[in-house]
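Colleague: I am new to this structure and would like to learn how to read its features one by one. Could you take me through them slowly?

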Amino acid sequence: MEKRQWKDVLHIVSGKSQSAVANPDGKYPIYGSGGQIGYADEYLCDAGTTIIGRKGTINRPILVNEPFWNIDTAFGIVANEELDKKYLYYFCVHFNFMPLDKSTGRPSLAKSDLLKIEMPVPSLNEQQRIVFRIEELFSSLDNAVETLQKTKEQLAVYRQAVLKEAFEGKYTPDVSMIEITMGEIADGKDGLRRGPFGSAIKKAFFVETGYKVYEQGNAINDDCKRGHYYISEEKYNELSGFQLRPGDFIVSCSGTIGKIAQLPVDAEAGVINQALMRIRLKPEMIDPYYFMLQFRSEGFQRKIISRGSGMGNLAGIKEFKMATMFVPENREKQEYIVAEIESRMSVCDSIQKTVNFALLQAEAMRQSILKEAFEGRL
C-alpha cells in the first residue's frame, strides 16, 4: 500500500478555550485530551473527527460521531476526501504517538510533527474493506471479553456466597459461634483509632523522605506500598497516637467506607491520615485473616455502611465499636474455618487467574489485528 504523509491527506484543527461558548444546555459536546468535559453552543470539528491529545493524554485517540468543540489540549484530526474517517481513527489507535513527545514534563505533541506521520493509503474501497474486517474481528473479541467479564462477576458472587455460608456456620455445624462487638476484639483504648483531623496532617508538613502518610487509597486498593507523602520524624513523634505497625488494619472511613487492608511485615513506618481508621486486634481473641475475611463479607459490609453517616467524624468510632462479628470461641476453630474457606476459594482463584490472562490476551489481540491491517495483511 502506498504511504502518504498526514499533511497530504488530512488537516488538523487546533483547539480553543471554551470559555466563550460553554453552556451546560449547549448542543455540542466539549472535548479535551481525556474525553468530554462539558457542552458548548458552537463547534469546531465536524462529526467523524478523531481527537488526539496535544497535551496530557496523547496516546488515546477518540472518534467523535457528532460535531464538537475541542479545547486547547486536544487536536481534531480531520480526514480529507481520500481517507475513510474510521480508517484514520483505527490507524491512530494503532500508531504509537509517544516517540513524538519531546517534552520534559507533561506529555505533549506538536502539529508539525503530526503532519509528518506516514500512513498507508489504499483506495477508499480498500480502506472500507479493512475497516469492515477490523470491526468484524473486534466484534468477536468484544463478545469473548463480555463472557470473561461475566465470569469475573460470577466469581465475585461465588466468593461472597462462600463467606456468607462460612460465617453462618454452615461449613462447621459443630462449632458454636458467638456474636462479639468490634470494641471487644480491639486491643485496648487505641485499638480503634480514627486519623487526625484539622491541621494535624497537611501538605505544608510533607517532606521528601521520612515517615509515610497512609491514605484512603491504600485501604481501597488493598495496597499498602503505594503513596508518596512523608512527614518528618518530629511530626511523626507528635502524632504518636496515629502511628501504624505491621499487622495493623487500615479502613477507609470517608466517602468510600469499609474497605480494608492489613499492613505487611515489611510495611514502612508511618501514620494514618484523616480518611482512615486504624484497627489493632487482640491477637489472643481473633485470627487476623479470619477477621479480614469476615470484614470483607457482604453481611459485615452492610453493617459498616449502615453506620456510614457517623463515619465522617470522631463520633463514628463509637458507632463502629458496636458493629458485631460472629466468632468461634478459640483461635483453633477460627483457623479451621479459614482453611474451609480457602479450600473453596482456591478453585475460584485459579479460574480468576485464567480469566485475567485471557483478558490481557484479548487486548494484545486487538493490537495484533491493527498491526496486520496497516501492514496490508488483513
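Modeller: What follows is a walk through helices, cores, single residues and cysteines, with the general idea given before each case. This is a predicted model, in which local features need pLDDT of at least 70 and side-chain atom pairs count only at pLDDT 80 or more, while totals for chains, interfaces and linings use all residues. Residues are numbered from 1 along each chain as its sequence is written, and side-chain values use heavy atoms, with hydrogens and water left out.

Colleague: How should I read the helix labels, and what span should the 44 residues of H11 have?

Modeller: Helices (H or I, at least four residues) and strands (E, at least two) are DSSP runs, numbered from the N terminus. The expected span of a helix is 1.5 Å times one less than its number of residues. For the 44 residues of H11 this gives 64 Å, and the end C-alpha atoms of H11 are 62 Å apart, which agrees. H4 also has 44 residues, and its first and last C-alpha atoms are 64 Å apart, close to the expected 64 Å.

Colleague: Where is the kink in H11 centred, and what is found at the start of this helix?

Modeller: The bend at a residue is the angle between axes fitted to the seven residues ending there and the seven starting there. In H11 there is a kink of about 35°, and it is centred on Met345. For the start of the helix you need the polar contact, a pair of N or O atoms within 3.5 Å; within protein, one must be able to donate a hydrogen and the other to accept it, and residues adjacent in sequence count only if both atoms are side-chain atoms. At the start of H11, a side-chain oxygen of Asn330 comes to within 3.2 Å of the backbone nitrogen of Glu332. At the start of H8, a side-chain oxygen of Asp287 likewise lies within 3.2 Å of the backbone nitrogen of Tyr289.

Colleague: Is H8 enclosed or open?

Modeller: Buried means under 20% relative accessible area, exposed over 50%, and partly exposed in between (1.4 Å probe, protein chains only). Six of the eight residues of H8, which covers residues 288-295, are buried, so this helix is largely enclosed by the rest of the structure. The buried residues of H8 include Tyr290, Phe291 and Met292.

Colleague: Which residues of the largest nonpolar core touch the most other members?

Modeller: In soluble globular proteins, nonpolar side chains tend to be buried together. A nonpolar core is here a set of buried Ala, Val, Leu, Ile, Met, Phe, Trp, Tyr and Cys residues joined through side-chain atoms within 4.5 Å. The largest one has 37 residues, of which Trp6, Leu83 and Leu88 touch the most other members. Among the elements that each supply at least two residues of this core are helix H1 (6-9), strand E8 (74-79), helix H4 (124-167) and helix H11 (331-374). Apart from this core lies another, of 35 residues, with Ala186, Ile260, Met277 and Met345 among them.

Colleague: What is Leu88 in contact with?

Modeller: Contact means heavy atoms within 4.5 Å. Leaving aside neighbours within four places in sequence, the contacts of Leu88 include Trp6, Leu10, Leu83 and Met119.

Colleague: Is Thr50 buried or exposed?

Modeller: Thr50, in strand E5 (residues 49-53), counts as buried, at 0% relative accessibility. Beyond its neighbours within four places in sequence, Thr50 is in contact with residues including Ile62, Phe75, Tyr89 and Cys92. By contrast, Lys27 lies in the loop between E2 and strand E3 (28-32) and counts as exposed, at 64% relative accessibility.

Colleague: How many disulfides are there?

Modeller: A disulfide is a covalent bond between the sulfur atoms of two cysteines. The rule used here asks for a pair of cysteine sulfur atoms within 2.5 Å, and by this rule the count is zero. Cys92 is in no disulfide, and the nearest cysteine sulfur, that of Cys45, is 13 Å away. Cys92 is buried, with a relative accessible area of 0%, and Cys348 is buried too, at 2%.

Colleague: What is the phi of Asp222?

Modeller: Most residues other than glycine have a negative phi, and most peptide bonds are trans. Asp222 is not a glycine, yet its phi is positive, about 50°. This residue lies in the loop between helix H6 (216-220) and strand E14 (230-231), and at 44% relative accessibility Asp222 counts as partly exposed. Glycines with a positive phi also appear after helices: Gly169, just after H4, has about 80°, and Gly376, which follows H11, is near 80°.
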